[in-house]
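Good morning. Please look at the sequence and the model on the screen before I start.

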Amino acid sequence: MNRSLLLIFCSWVLLLAAPAWAQEDPPPDEEPAPEEPAPEGEPAPAVDVVAPAPAEVVPAPPTVVRMADGGGDVVEVYRDEDGWKLLANGEPVYLYGMNWGYVPIGENYSYDFWAHDDEWIKRALAPEMELMQAMGINTIRQYYTTPPRWVTYIYETYGIWTMINHTMARYGFDIDGKWVPVVDYSDARTREVVKADVMKNFERFKDTKGMLFYLLGNENNYGLSWSSFEIEALPQGERDKARAVHLYTLYGELVDAIHAMDPNHPVSICNGDLQYIDLIAEHVPNLDIMGSNVYRGVSFGNLFDEVVAKLDIPVMFAEFGADAYNARDDKEDHLDQAWYLRGQWQEMYEHAYGNGKSGSALGGYIFQWSDGWWKTGQEYDLDIQNNSATWPNRAYPLDFVEGGNNMNEEWFGIAAKTPPNSAGIYEVQPRSAYYMLKEAFTLHPYEERATPETIERHFDRLKPIAFKAGYQADRAEKVLAEIQKAVIANIRADIGGYATSGSYVPGTGKEKIRFDHTESFYVDLKVTPTPNFRAEVGINVVANAAQNRIDEIFYEARAQPVAVVDAEGEERVTFFDRVQIHGASFQWDTKWFELEGYFRRGHGHWGDDGDFFGFYQEAQYGPNIDTYNANVPFGLEFHGKKFLEGLSIATGPQITWGANPTVIAKYGRTFGPFGFAVMHQEDITSLGATGATRVIPEYVGRKTSVYLTLKRGPAQVEFGGLMAGTERLGQSFVSVRRAPEGAASYKDSGYFVRNDKVAFTDTLGAKIKFRLSKGPINWWIQGAYKGVVADSGGDNTINFARWSLKESGRGNHVHGITGVLINVGKLSIGPAFMYQRPLEEAVPQIEAGVQDGVFWRGVNPRNRIADPFRVGDNRETIAFELLMGYDPTPATWMWQWDNDVREDAKFAVSMDFVYKIQPTATDSNIGWSATGDPLILGAGQPAANVWDLKFRLISAATNNLRIIGNVWGGQAQSSGPSERLANRAGVDWKIWYRKMGFEGFLKFGDFGPYDYHRDFNLTFPVQAMGDLWVGLSAPRLGMPWTRLGLRGQLRYLNQYSNRYERDPIDPDGWQNEWELGLYVQVGL
Amino acid sequence: MNKLLLALFALLLVSGCPEEPTYVYPIDLNDVVYTYYDGTEGIFPSTSILDHPDNPFATSGMDNVNKWEVESSGAAAAAFYSWAMINVQGAHGEAQYYTALNLQRIFQRELAAPEDLYAVRTMAIDAYQAVLDNFPNDVTFAAEGFVLPLNLLAYDGIVALGGNPQGGWVRITGDNGNGAVVQSLDI
């Protein structure tokens, strides 16, 4: 510090007497010996790296080359007997420089970093500049195309100066509208144009805060011989000296012109090594700083002394360094790079001011900050980091092989580079050289303790290998992040063998046992090309599907053998659908919208966001889509942001099970306590029979709704209007009216029968709901009117609790529902009441007949296929429900869908009792045969009172033990016309202890597992199942899992069961069927 | 707001008041009238009976129980439509024969428009001929239970209407004195 202050004082003194002290350059001697021009891109060839005899440095009195004047910074070259320094505003600046550029992977030299908006530039600059600042870099090399304001920004924000460079047509220039790839510096017009451009662009920086000094050219001496832009082996000697004279005279003119324009900043040139140094001495006499791109390996040899001897000016390296790729071993080697840079900086320190040698080293600009992926080829393979070396340099012996190249142009960065993110910003990963030089720069060459001995000791202890950890950790993290962009998220194999038998199986004893097996494999692939886009696809492959299972409908059954008759009439067995997309989805989150696509992956509903009439239904079908091999749901969901906020669109071939290809659009907003939404749904076409799986496609139609809501404290009221079913306007239907007592009715049926048509008023509906939540009381009430064809969707919302009583989504009814949930400590009590009545009641079955010479036409219940509406779940109902729950840990909600695994209470229990009075019948249902064919089930469901009582118990007894159980009983009605009610009861359980589990059920008089059992009123006197498994881990929701299990199932059959064959010997006896399976499920 | 209300009112006007539903009454079989349609109705393989505007069974169809009720009512027009529907629902000789029989009755009782009677006669002959051509071996059963061969009944029907049975059919008398018809190819 003392020395610095002294220097500053001396500088000011000297400045005052500058003219008396200014030295003139000595006149040139005789014509220097011709030099061989150095090949482009390569340092002076065949330079022996032998410690030369130091050139004698003639000490000169301290001089100040530049005068302080003008605005902006004042930068000058200071000199005294100890050497040269660069002073910026009086402060010495040792050039810890960096060749910095911002070219993302995939771009090349034409990329314009500064063309982005300011916000983006600052975001991109910050990590780059901060890293360099932390390293100790205090100056960067930039081309004149950098806007001056950003030079100031970088200086003021990060303390980093900028050296401004004009390449002087090194790579071609536009001369009077014509592109000249290799300029001729002897041409007067060329000189005039180039000079004018240099002056025009440099003048923009003369008063720019943060600009350090001017740099002219870039190895222009190497460009005198070739028209190619590729770096090749340098030609021997200086064959183009004649052209070089013109180059250097132009340099000389420009240096003088720049001095005249801006006396406050020094001027340097960027020469290729020291080629033509004698011409420099002759023709650029007023050069302030000798700048060179030098690639002499670990040592600069006699460079400093030669410059002092011939030019008597300080030295600055515009480029120096080493690549980080070992061409001989064909692998990255950042340690070698660090080794070279260590040696180079040590010599620069030794030759810096006052350190005992030439004192001429002002510092230098490392080539380069980050790898340039565009260097090889320049127009192609921009997204590949090319490993090929493009020129040889024996000065880098660690990977030099005679006859081969070892300079890897795309690997010169002291930081590696990652692909840019969606904003075009990338990250860098500093290599070992960064960390090592950061440590090296803790010793400043100008500080007092920087003696030759300390410098040597300081650099000697810097071992590159000690600094590799940071880079390796960074790389590993980035590789991991890249790997995670595409991962196999889940692999699962389900393998099972099954033995089955039953009373109906022919044979005796062991002959009756059938055995088969199933192998099914799942692979889920997840890709994340950018952080805001994720996609996954799951594939299932079936190797074999058992054909003997008593539950005959299952996912893998699609791959069972099928007999076909070929073109020659020969019957043969084939297989379909062995490989299937099990599901796929994607999510794309941008600042303008969210877009989700789904195929056999569930989605939620919009019922809480203004979809008051349930247009967009919840589509979580659980295992049913696998059981019935349905390709649902399938569609897209869009939600707008920013100015599109409030807009949602859903569309797809089948967005819910049985939906036609459709588009649903919703727009809704809230303004304080008010909210509104409008929705419209337009079916595009019919799903068709081939697209529907065990469902009758809906009418191809349209729906429109409006919704208004007002919230005031604990209360909320919602109102909605609906128009739907207009596509059925004018369609005929049969309606009935009860005949008064004693009146003559249609064929004495008790009904009048009418022919009617769908009118406009039949397409209208309205609903109002009120909710109040105050303290322990939560009450809601709702009423609705829906015209006969005003179908919409069911209510997916949860009104305080998961009551079973829900409104029908169908039209043709009026209803009123109310429920209240009362929380008494940990106990919840929730009674509910519903009244529902169809506008047009079901049509009874009246047989055709002739009575007394008149013919009574038959009247059939309506059905979904032939009629514009029907009475189904919108039947006349008076229902009462009592819901109760005891949950000591309300944070895990008892009625949450995943409560089985989430519930954390030691004991939680719920009860749900529903009693329904159904005094009238329904119209016909559509049932499904075991083979999936639709059937009109004759008459509808008869009038019946039914009830259902369910208990659910869950206990997270300990951390290792979880018990989940359900007990139920009731009287249920078939979906078909059967009068018989099923008196059913049962229990199921899951007991998980550590990695073992026992699951099962016991049912009495209940329906079978499939929809056709309910359609055709098929029940079993007893059904039992037990599954004992042991896993590698406890089950976790959604996580892959490995377990081995033994599963047994037993059913008893009676006259109400399918596959029952009455035994004449024991006509009332039960029969049976059973299955025993051993399975393994492997999940990764 | 005024404009909105006006628009809604206009919409309601345009939508119109819904039509009143019409009550469904039974069909008095004696009120059923035969009208000539295209000359093929009721004659296999024509299905034009389904489009006949005066067919009271066109939408409801006819079943195998009520067809006899209609037949026994004596209302020939109603019986014609009834049997024609049975024939379309599942063609067979009995249905075709009774269709022809009731066409004959319509002709003989002049239950059609005078200008259509001759056409009805032709239709009856064609209907009987359809029995011979398409259902030559079908039979029906008398009320007493014995079998009646439809080819003989059809043949006699054609002759009774003054027609000439086609297809080489010949009436013969068996040794037991019972009549029968055979096709000349059989001789």
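I will go through the contact between the chains, then a shared sheet, then the cores.

This is a predicted model, in which local features need pLDDT of at least 70 and side-chain atom pairs count only at pLDDT 80 or more, while totals for chains, interfaces and linings use all residues. Residues are numbered from 1 along each chain as its sequence is written, and chains are lettered from A and ligands numbered from 1 in the order in which they are written.

First, the contact. Chain A gives 20 residues and chain B gives 18; two residues are in contact if their C-beta atoms, placed from the backbone, lie within 7 Å. On the side of chain A that touches chain B, the largest share, 6 residues, comes from strand 34 of chain A. Strands here are DSSP runs (E, at least two residues), numbered from the N terminus.

Now the sheet. Which strand of chain B is joined to strand 34 of chain A? It is strand 1, residues 22-23, joined by 2 bridges and running antiparallel; two strands pair if DSSP finds at least two bridges between them. Asn755(A) stands opposite Thr22(B). The open sheet has 3 strands in the order 33(A)-34(A)-1(B). Strand 33 of chain A and strand 1 of chain B are at the edges with a single partner strand each, so one side of each has no neighbour in the sheet.

Last, contacts of one core residue. Tyr251(A) touches Leu216(A), Ile269(A), His283(A) and Val284(A), leaving out residues up to four places away in sequence.

Notes: Helix = DSSP H or I, 4+ residues; strand = E, 2+ residues; numbered from the N terminus.
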